[in-house]
Every structure is written in C-alpha cells, then in structure tokens.
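Reader: Hello! I am new to this structure, and I would love a close look at a single part of it, the nonpolar core. Could you walk me through what surrounds it?

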Amino acid sequence: MTWQDVIKTENNNSGFLTFKEGDNKVRIVSEPEPRMQHWLGKRPIPCVGKCKLCADNLKVRTSHMFHVIDRETGEFKIMGTGVTVANAMRELKESDDYSFDSIPDYDITIKRTGLGLDTEYTVLAARNNSELTEEEKTKVADLKPMKDIIKSLNEADLERAEKEPPIDRSQVATDMNESGFETDSESADNVPF
Ligand SMILES: [Zn+2]
C-alpha cells in the first residue's frame with residue numbers, strides 16, 4: 001500500500017447508495033457530475049466521447065453522480081442516477097417553490113417502485129429546508145471531487161475489462177441494472193445545474 005492508496009481509501013469509503021424499494025431519503029451535497037459508459041453485457045466500459053464503441057453505434061448511458069448523505073444511516077455515499085431523477089431535480093431547481101442555486105437546501109426522497117426494466121423513480125422534495133450539521137459541513141468540505149472519483153472508477157473498469165476475456169457482442173443484452181444505479185432506456189444529456 002502506498003500513501004496514494006491511503007488517501008484514496010479514506011476519501012472513497014463512502015460507498016454507493018443502492019436504491020431500495022420504497023423511499024430513499026437523501027441530502028444531495030454536491031453538484032451533478034456526468035459519467036458516461038457503454039455496457040457490454042454486465043461490463044461497463046467508460047466512454048470519453050466519440051470512442052471506438054460510439055463508432056460501433058453502441059449506446060452511451062450517462063449517469064449523474066452526486067455525493068449524498070443517506071438519511072437512513074447518516075452515512076455519506078455516492079449516488080448515481082439516470083435521467084429520470086436528474087430531470088426531476090432540474091424541475092425542482094426551475095420551480096418557484098423549490099428553486100436552488102447549485103445544491104438544494106432540503107432533503108429529497110427518491111421512491112423506487114417496480115422491478116427490472118419496469119423500475120420507476122419519483123422524486124419528492126422535503127417541505128422544509130434544513131441546515132446541515134457542523135459535522136456534516138466539515139465532511140462536505142473534505143469530500144473528494146466527484147470528477148476524480150469518476151476517473152478512478154473508470155480506470156478500475158478499464159483495467160478489469162482488459163483482464164477479462166472479450167465479450168461476444170451478439171450476446172450483449174441492451175438493458176440492465178446491475179450496479180444499483182438507476183438505468184433508463186433513453187439516452188440522457190448532461191443536466192446543466
Ligand atoms: Zn463511447
């Protein structure tokens with residue numbers, strides 16, 4: 001283990017938020033950062049735009065990555081959402097009652113219903129704004145930039161893909177949700193907030 005790894009581990013130990021069925025209450029504490037991937041079966045391949053797989057007409061899936069506080073456990077986690085949740089957040093931002101500058105001053109509840117390809121997500125904003133605790137604010141200030149986290153995740157994905165045997169593209173399914181991320185069938189643009 002190198003000092004580099006120590007730092008990585010410390011900043012990365014929040015883990016991913018997995019959406020359970022029903023209500024998932026979180027506080028978003030960072031602006032969205034896009035992560036683009038192609039999926040070869042269950043294997044994610046990072047896309048940097050106009051890559052080889054783009055040229056092969058393989059669909060790009062964009063997730064929007066956030067630092068969040070899981071209100072159920074109080075833990076900081078990384079949340080990856082698809083276009084449904086990201087768009088719902090943008091609608092809140094643009095609404096009269098729930099508008100915010102870069103990060104909402106309120107908790108949100110993401111409700112997951114259905115299973116597999118029928119999974120649906122709805123977003124509800126808390127009625128009232130609430131301030132982060134001093135401890136939470138300190139942790140937010142120490143968060144590793146999401147851009148750097150995505151870079152590490154993508155590097156790990158690429159490394160894994162290089163080690164594994166090539167995938168028979170004819171066996172590739174078009175849709176899945178293996179990572180606990182919300183996935184949507186339509187492609188998403190980056191949410192500009
Ligand atoms: Zn690509």
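Author: Happy to help; what follows is a walk through the core, the strands and the helix around it, and two loop residues.

First, some ground rules. This is a predicted model, in which local features need pLDDT of at least 70, side-chain atom pairs count only at pLDDT 80 or more, and totals for chains, interfaces and linings use all residues. Residues are numbered from 1 along each chain as its sequence is written.

The protein chain has five helices and seven strands; helices (H or I, at least four residues) and strands (E, at least two) are DSSP runs, numbered from the N terminus. Read from the N terminus on, the order of elements is α-β-β-β-α-β-β-α-β-β-α-α. Of the 193 residues in the protein chain, 20% are buried. Buried here means that 20 or more other C-beta atoms lie within 10 Å of a residue's own, exposed means 12 or fewer, and partly exposed is in between, with C-beta atoms placed from the backbone.

Now to the core itself. The largest nonpolar core holds 18 residues, and Leu17, Val26, Val68 and Met79 have the most contacts inside it. Such a core is a set of buried Ala, Val, Leu, Ile, Met, Phe, Trp, Tyr and Cys residues joined through C-beta atoms within 7 Å. At least two residues of this core come from each of strand E1 (22-28), strand E4 (61-70), strand E5 (76-81), helix H3 (83-94) and strand E6 (108-113).

Let us start with valine 26. Leaving aside residues up to four places away in sequence, valine 26 touches Leu17, Val68, Ile69, Asp70, Arg71, Met79, Asp107, Ile108 and Ile110; a contact means C-beta atoms, placed from the backbone, within 7 Å. Valine 26 also stands opposite aspartate 70 in E4. E1 and E4 pair in the antiparallel sense over three bridges, where pairing requires that DSSP finds at least two bridges between two strands. E1 also runs antiparallel to E6, joined by five bridges, and asparagine 24 stands opposite isoleucine 110 in E6.

E4 has a further partner in E5, with six bridges in the antiparallel sense; here histidine 67 stands opposite isoleucine 78. These two strands form a hairpin with five residues between them, and glycine 74 in the turn has a positive phi of about 80 degrees. Five of the six residues of E5 are buried. Threonine 81 lies in that strand and counts as buried because it has 28 C-beta neighbours inside 10 Å. Its C-alpha atom is 9.7 Å from that of tyrosine 121, 40 residues apart along the chain.

Helix H3 comes next. Val83, Val85, Ala86 and Met89 are buried in H3, and the buried residues of this helix pack against E4, E5, E6 and strand E7 (120-125). At 1.5 Å a residue, its 12 residues should span 16 Å, and the end C-alpha atoms are 16 Å apart, so the two agree; the expected span is 1.5 Å times one less than the number of residues.

Finally, a look at two loops. Most residues other than glycine have a negative phi. Lysine 50, in the loop between strand E3 (43-46) and helix H2 (52-55), has a positive phi near 50 degrees. Lysine 50 is exposed because 7 other C-beta atoms lie within 10 Å. Asparagine 57, in the loop between H2 and E4, has a positive phi near 65 degrees, and with 6 C-beta neighbours inside 10 Å asparagine 57 counts as exposed.

Methods:
Contact = placed C-beta atoms within 7 Å.
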